[in-house]
Amino acid sequence: MTMEPRTPVPVTSAQPAAEVVVAPLVVIGAGLAGWTTVREFRKLDTATPVVVVTADSGDFYAKPSLSNAMAQKRAPHQMVTTPAAKMAETLNVTLLAFSTVQAIETKSRTLTLRSPHGVQTLRFGRLVLATGAQPIRAPLQGKAAERVRSVNSLDDFALFHKELQGASAAPGQDGLPKPQTVLVIGAGLIGCEFANDLVLGGHSVQVVDPSTRPLASLLPEQAGLQLKDALQALGVHWHFGTTVRTVDEAPDGRLDVSLANGSVLRVDTVLSAIGLRAQTDLASAAGIACERGIVVDAQLQTSVDGVYALGDGAQYASAGARTLPFVMPIMGAAKALAATLAGTPTDLVFPLMPVSIKTPALPIVVCAPHPQTAGGWVADGSGETGAWRFLDDQGVQRGFVLTGKSGARRMELAQETVLQAAP
Ligand SMILES: Cc1cc2nc3c(=O)[nH]c(=O)nc-3n(C[C@H](O)[C@H](O)[C@H](O)COP(=O)(O)OP(=O)(O)OC[C@H]3O[C@@H](n4cnc5c(N)ncnc54)[C@H](O)[C@@H]3O)c2cc1C
């Protein structure tokens, strides 16, 4: 879905003052954070002009469904739940799609943006940075290293999906991707979800990770081993304790991937899933304080008055200075920010937010403690029950993990967990 950008409300300083009505609330980013903030704001304020500026089309889609689309045989165009034009109309906003903000000038409260129509200046009253995160690129050698994909947007997914269909080969009779051999770099959350989904989609999957088991930094050892076995039983080939060194084009046009342990794997596609880094370049260049993400206080305001941030790009004071690149934190943050923007200053307080890992081979629910919490995982019974509690040094439960059928105990373990923003 494409959208012709409409002319933004008040533009350059060359405009006569009389034309400047009210400097709008400008939101940069049309992902879950950007759109949810606007939706929540419009429930409280229908009058203030709102402009959404986004580098992509602005179409609304559920990003989590990118890592379970293959099993459901969904093509990229089927993932859009609400086209951009409909979002803009329903929420009464001016949408500047395919427009990349290149600079923020906080003193004059203007943005410089590049769109298919050229470079424009846009004035803002208040500004929301909902610019998300970027995939971390592994430092790979080899002449075909640039053919390594990562998926953090619908556009990325469309490219990956096309590649799975085989660039030169015609798609299968049903128009769906033909089976391919895919190498996934990284056995973290996104890597495991894609591995499971690709296998269910009929592909052959290999996973490379330097640790000894999947989700090593998130799960207790036994839970990680359960997931390893479950995905292996489905057909996933693991390469633990090693890393990818080089990616080169093979004589047949496929890819030869050499690992640090000396193995060479011939595959069709390589998907890198080694993590995300908050997008901070734009804010940082504007003098807005950034650390692991754009630093925001309890009311989601950055170090600059009237400039706010949330979503994958934000580092939340309300979460003990952590980034939280998940859906539930965005929903809470958008609600609190909308209230503040509509005139009721509201502190963001995160509830307990367990995450469901979409690995149907072994569904997992994780409620992770703050990473600096001293303590350890303790299994309920032998661990075969599929339940683990994270107990801190005082014996207080600060998190839990449930695998398989034990996921049904989610409410019970959540009630027994004592929330702590920071240790
Ligand atoms: C494959 C996958 C599966 C996931 N599964 C789950 C799950 O099961 N559960 C869960 O809780 N979370 C999951 N997540 C995480 C969740 O999807 C994200 O936390 C959430 O979608 C992030 O939304 P966002 O709006 O902050 O960022 P994004 O969706 O990345 O949006 C950023 C927006 O900013 C725009 N932008 C950036 N820079 C500029 C610029 N300079 N100018 C203009 N526009 C700009 C982009 O175009 C985009 O519109 C998953 C993530 C991935 C990648």
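Biologist: How many helices and strands make up the secondary structure of the protein chain?

Modeller: The protein chain has 8 helices and 26 strands. These are DSSP runs numbered from the N terminus: H or I over at least four residues for helices, E over at least two for strands. The model is predicted, so local features need pLDDT of at least 70 and side-chain atom pairs pLDDT 80 or more, while totals for chains, interfaces and linings use all residues. Residues are numbered from 1 along each chain as its sequence is written, and side-chain values use heavy atoms, without hydrogens and water.

Biologist: What makes the protein chain as compact as a globular protein of that length?

Modeller: Its radius of gyration is 23 Å, and the globule rule gives 22 Å for 423 residues. The two are close, so the chain counts as that compact. The radius is taken over C-alpha atoms; the rule is 2.2 Å times the number of residues to the power 0.38.

Biologist: Why is Cys 367 called buried?

Modeller: Its relative accessible area is 3%. Buried means under 20%, exposed over 50%, partly exposed in between, with a 1.4 Å probe and protein chains only. Cys 367 therefore falls in the buried class.

Biologist: And what makes Cys 290 partly exposed?

Modeller: Cys 290 has a relative accessible area of 23%. That value lies between the two cut-offs, so the label is partly exposed.

Biologist: How do you know that Cys 367 is in no disulfide?

Modeller: A disulfide needs a pair of cysteine sulfur atoms within 2.5 Å. For Cys 367 the nearest cysteine sulfur, on Cys 192, is 19 Å away. The structure holds 0 disulfides.
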